[in-house]
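Me: I would like to learn how to read pockets and a ligand site in a model. Please show the structure first.

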Amino acid sequence: MAHNPSSLLEAAARARGGAYAPYSNFAVGAALAAVDGRVFTGANIENASYGLSMCAERVAFFAAVTAGVRTFEAIAVAGPEGTQTTPCGACRQVLVEFGVNLKIVTASPSGPVTRTIGTLLPDAFSPKTLEDAR
Ligand code: THU
């Protein structure tokens, strides 16, 4: 990939610094690489009304989509040191919107692991599901 997994994971780890996570104390950062080379970052933002908290992945994804970007290569996710933080179910559904080939880069004891969103969310509900019903 244009951005290698290690450097994208480092960008995600840096983005963790922007987290607002006073309730869980579990800061997460995400770095989303667009095909055009731009990288959009996000961090989790919690709320006193806990259920309104937003994950790092969706903050990054929504920023990129707002900027007009629709083609993505990879997203790296970094949680606290030593954890293997993978996208939650809600984020997987959001991330699959533009295709099943988006790469998901996460940390592991043996270094960055890369899988596709299609692997992490098989048989996803997608735009095609809606098209097929029309
Ligand atoms: N969180 C993320 O931002 N991304 C993930 O992949 C997993 C969970 C956040 C949500 C909440 O603010 C905190 O981590 C603990 O669940």
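Reply: Start with a term: a pocket is an open set of grid points with protein on both sides within 12 Å along at least five of seven lines, and its lining residues have an atom within 4 Å of a point. Note that this is a predicted model.

Me: What lines the largest pocket?

Reply: The general idea is that rolling a probe the size of a water molecule over the atoms shows where empty space is left. Here the largest pocket holds about 280 Å³ of space. Its lining has 16 residues, with Gly79, Glu81, Gly82, Thr83 and Ala107 nearest the centre. At least two lining residues come from each of α1 (5-15) and β3 (72-78). By class, the lining comprises eight nonpolar, six polar and two charged residues.

Me: Which pocket does the ligand sit in?

Reply: The ligand occupies the second largest pocket, whose volume is about 160 Å³. Of its 14 lining residues, Phe26, Val28, Asn44, Cys55 and Ala56 are the closest to the centre. Seven of the lining residues are nonpolar, five polar and two charged.

Me: Which residues are around the ligand?

Reply: They are Ser24, Phe26, Val28, Asn44, Glu46, Cys55, Ala56, Glu57, Thr85, Thr86, Pro87 and Cys88. This shell splits into six nonpolar, four polar and two charged residues.

Me: Where do N or O atoms of the protein approach an oxygen atom of the ligand?

Reply: In the side chain of Glu57, an N or O atom is 2.5 Å from a ligand oxygen. Backbone N or O atoms also lie 2.9 Å away at Ala56 and 3.3 Å away at Thr86. The protein covers 77% of the 370 Å² of accessible area that the ligand has on its own.

Note on methods: Residues are numbered from 1 along each chain as its sequence is written. This is a predicted model: local features need pLDDT of at least 70, side-chain atom pairs count only at pLDDT 80 or more; totals for chains, interfaces and linings use all residues. Side-chain values use heavy atoms; hydrogens and water are left out. A residue is near a molecule or strand if one of its heavy atoms lies within 4 Å of it. A polar contact is a pair of N or O atoms within 3.5 Å; within protein, one must be able to donate a hydrogen and the other to accept it, and residues adjacent in sequence count only if both atoms are side-chain atoms. Accessible areas come from the Shrake-Rupley method with a 1.4 Å probe; for residues, only the protein chains shown count as cover. On a 1 Å grid over the protein atoms alone, a cavity is a set of points where a 1.4 Å probe fits but cannot get out, and a pocket is an open set with protein on both sides within 12 Å along at least five of seven lines; lining residues have an atom within 4 Å of a point. A molecule sits in a cavity or pocket if more than half of its atoms lie within 2 Å of its grid points. Ala, Val, Leu, Ile, Met, Phe, Trp, Tyr, Cys and Pro count as nonpolar, Asp, Glu, Lys and Arg as charged, and the others, Gly among them, as polar. Grid points are joined across faces, edges and corners, and a volume is the space filled by probe spheres set on the points. Helices (H or I, at least four residues) and strands (E, at least two) are DSSP runs, numbered from the N terminus.
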